[in-house]
Amino acid sequence: GSKVIILIISEKSIEKIRNADKVSDDILLEYEISLELSSNKSSQLFPLFLGEYEKNDVNGQITTVKKFSYFNSLEFPDEFHCHRLSPKKMTIRDVMRQILGKRGIYVEMNSVGMQKIEKEGIKLALVDVDYY
């Protein structure tokens, strides 16, 4: 049977990767390992891109949706990941180019889902799914 690796990607989750040539990043390590597994055909890689609802009125009410739009891999270092377990087969920029270039699903987190993620990490969350 075929295995699928689902990467849950938010703009916040990839912010630290910009410094992963100096400070190791576990999320980037997961991306590197996922790319290796998918390259030898033992699994397929499928990103789930998280958008966010923004609180932008006086009462802190959620009124607009900010879709995931962070696709510029040139903002990442053209250096290897400094994590001691990194396979160091691709630069950080190349890893992010491949991950962000994959076809995936865009998901907008509702307020209940965002609160659950903030409290418990990503285990299970309520989501509104939009397919593009």
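Trainee: Leaving aside its neighbours within four places in sequence, which residues is Leu35 in contact with?
Mentor: Leu35 is in contact with Leu45, Met90, Val95, Gln98, Ile99 and Lys102, where contact means heavy atoms within 4.5 Å. One thing to keep in mind is that this is a predicted model, so local features need pLDDT of at least 70 and side-chain atom pairs count only at pLDDT 80 or more, while totals for chains, interfaces and linings use all residues. Residues are numbered from 1 along each chain as its sequence is written, and side-chain values use heavy atoms, with hydrogens and water left out.

Trainee: Thanks! And is Leu35 buried or exposed?
Mentor: Leu35 counts as buried because its relative accessibility is 4%. The cut-offs are under 20% relative accessible area for buried, over 50% for exposed, and partly exposed in between, with a 1.4 Å probe and protein chains only.

Trainee: Where does Leu35 sit, and how many Å separate its C-alpha from that of Val95?
Mentor: Leu35 is in helix H2. Helices (H or I, at least four residues) and strands (E, at least two) are DSSP runs, numbered from the N terminus. The C-alpha atoms of Leu35 and Val95 are separated by 7.8 Å, with their positions 60 residues apart along the chain.

Trainee: What about Glu36, where is that one?
Mentor: Glu36 is in helix H2, and with a relative accessible area of 30% it is partly exposed. Not counting residues up to four places away in sequence, Glu36 touches Pro87 and Lys89. The C-alpha atoms of Glu36 and Lys89 are separated by 9.2 Å, and the two residues are 53 apart along the chain.

Trainee: Switching to charges: how many salt bridges are there in the whole structure?
Mentor: A search of the whole structure finds four. A salt bridge here is a side-chain nitrogen of Lys or Arg within 4 Å of a carboxyl oxygen of Asp or Glu. One of them joins Arg18 and Glu75, whose closest N and O atoms are 3.1 Å apart. That pair links distant parts of the chain, 57 residues apart: Arg18 is in the loop between helix H1 (11–14) and helix H2 (26–39), and Glu75 in the loop between strand S3 (62–66) and helix H3 (92–100).

Trainee: How exposed is Arg18, and Glu75?
Mentor: Arg18 is partly exposed at 34% relative accessibility, and Glu75 is partly exposed at 39%.

Trainee: Which residue does Arg97 meet in a salt bridge?
Mentor: Arg97 meets Asp94, at 2.6 Å from N to O. Because Arg97 and Asp94 are three residues apart in helix H3, about one helical turn separates them. Arg97 is partly exposed at 41%, and Asp94 is partly exposed at 26%.

Trainee: And Asp21, what does its side chain meet?
Mentor: Asp21 forms a salt bridge with Lys22, 3.3 Å from N to O. Asp21 is partly exposed at 21% relative accessibility, whereas Lys22 is exposed at 65%.

Trainee: Is Glu11 buried or exposed?
Mentor: Glu11 is buried, with a relative accessible area of 15%. Glu11 is found in helix H1, and leaving out residues up to four places away in sequence, it touches Lys66, Lys67, Phe68, Ser69 and Tyr70.

Trainee: Last one: how many helices and strands does the protein have?
Mentor: There are four helices and five strands, and along the sequence they follow the pattern β-α-α-β-β-α-β-α-β. Buried residues make up 36% of the 132 residues.
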